[in-house]
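Here are some notes to read alongside the model. Keep the sequence and the structure open while going through the points.

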Amino acid sequence: MQSPIVPEEALVLREDGGGVATLRLNRPRQLNALSERLLAALQDEIDAIAGQPEVRCVVLAGAGRAFCAGHDLMEMRAHRELDYQRALFARCSRLMRTLRSLP
């Protein structure tokens, strides 16, 4: 018998209402540390919001007891190569610039 396919838990949860989009980082066991996958999911949501004029405000929140512990240090330590670190910080910088440039 095959096991059921369980969809992967969303890393960013989005709630919209009254022109406000709330994006909730959803890695509570890791204190919402910014992994590569979380950064990509957040970037995708922000890129989508940039094309939605009905969204007038974006609220960033964290699931669980912490908003965000910063970068995922365990993931970073597993990839000590300089090229990896540079690419990671470039992705993070792009995300921050995108947030800042939202209309």
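Which residues in the largest nonpolar core touch the most other members? The points below begin there; note that this is a predicted model.

1. The core. The largest nonpolar core has 18 residues, and those touching the most other members are L23, L38, L39, L42, I46 and I49. Two or more residues of this core come from each of strand 2 (20-25), helix 1 (36-50) and helix 3 (82-100). Helix 1 gives the largest share, five residues. As a general background, nonpolar side chains in soluble globular proteins tend to be buried together.

2. Overall layout. The protein chain has three helices and three strands. Read from the N terminus, the order of elements is β-β-α-β-α-α. Along the principal axes, the C-alpha atoms fill a box of roughly 45 × 40 × 25 Å. The chain has 103 residues, of which 32% count as buried. If one takes the contacts between residues at least 6 apart in sequence, 66% of them join residues at least 24 apart.

3. I49 as a core member. I49 is among the core residues that touch the most other members. What does I49 contact when its neighbours within four places in sequence are left aside? The list is R14, A21, L23, V55, V58 and L102. One of these, L23, is also among the core residues named in point 1.

4. V58. This residue is part of strand 3, which covers residues 57-62. Is V58 buried, exposed or partly exposed? V58 is partly exposed, because its relative accessible area is 27%, and buried would mean under 20%. Not counting residues up to four places away in sequence, V58 touches A21, L23, I46, I49 and L102. V58 and L99 are separated by 41 residues in sequence, and their C-alpha atoms are 8.9 Å apart in space.

5. The first two strands. Strand 1 (residues 12-17) and strand 2 run antiparallel and are joined by six bridges. One pair to look up is V12, whose bridge partner in strand 2 is L25. The hairpin of these strands has two residues between the strands, and in this hairpin G18 takes a positive phi near 60°.

6. T22. This residue sits in strand 2. T22 counts as buried because its relative accessibility is 17%, and the cut-off is under 20%. Leaving out residues up to four places away in sequence, T22 touches L13, R14, E15, V59 and A61. For a pair with a greater separation in space, take T22 and A78: they are 56 residues apart in sequence and 31 Å apart in space, C-alpha to C-alpha.7. The loop between strand 2 and helix 1. Two residues here deserve a check of their backbone angles. L31 lies in this loop and has a positive phi of about 55°, although L31 is not a glycine. N32 is found in the loop too, with a positive phi of about 60°, and N32 is not a glycine either. For background, most residues other than glycine have a negative phi. Are L31 and N32 buried or partly exposed? L31 counts as partly exposed because its relative accessibility is 27%. N32 is buried, since its relative accessible area is 0%.

8. N26. The loop between strand 2 and helix 1 also holds N26. With a relative accessible area of 11%, N26 is buried. Its contacts, leaving aside neighbours within four places in sequence, are E9, A10, L11, V12, L13, N32 and A63. N32, from point 7, is therefore one of the residues in contact with N26.

9. The largest pocket. How much space lies in the largest pocket? The value is about 180 Å³. The lining is made up of E9, A10, L11, N26, R27, P28, R29, Q30, S35 and R37. Sorted by class, the lining has three nonpolar, three polar and four charged residues. N26 from point 8 is one of the lining residues, and E9, A10 and L11 are among the residues that N26 contacts.

How values were computed: Residues numbered from 1 in each chain as written. Predicted model: local features only at pLDDT ≥ 70, side-chain atom pairs only at ≥ 80, totals over all residues. Heavy atoms only, no water. Core = buried A, V, L, I, M, F, W, Y, C linked by side-chain atoms within 4.5 Å. Buried < 20%, exposed > 50% of the residue type's maximum accessible area, 1.4 Å probe, protein only. Helix = DSSP H or I, 4+ residues; strand = E, 2+ residues; numbered from the N terminus. Contact = heavy atoms within 4.5 Å. 1 Å grid on protein atoms, 1.4 Å probe; cavity = no way out; pocket = protein on both sides within 12 Å on 5 of 7 lines; lining within 4 Å. Points joined across faces, edges and corners; volume = space filled by probe spheres on them. Nonpolar A, V, L, I, M, F, W, Y, C, P; charged D, E, K, R; others polar. Pairing = 2+ DSSP bridges.
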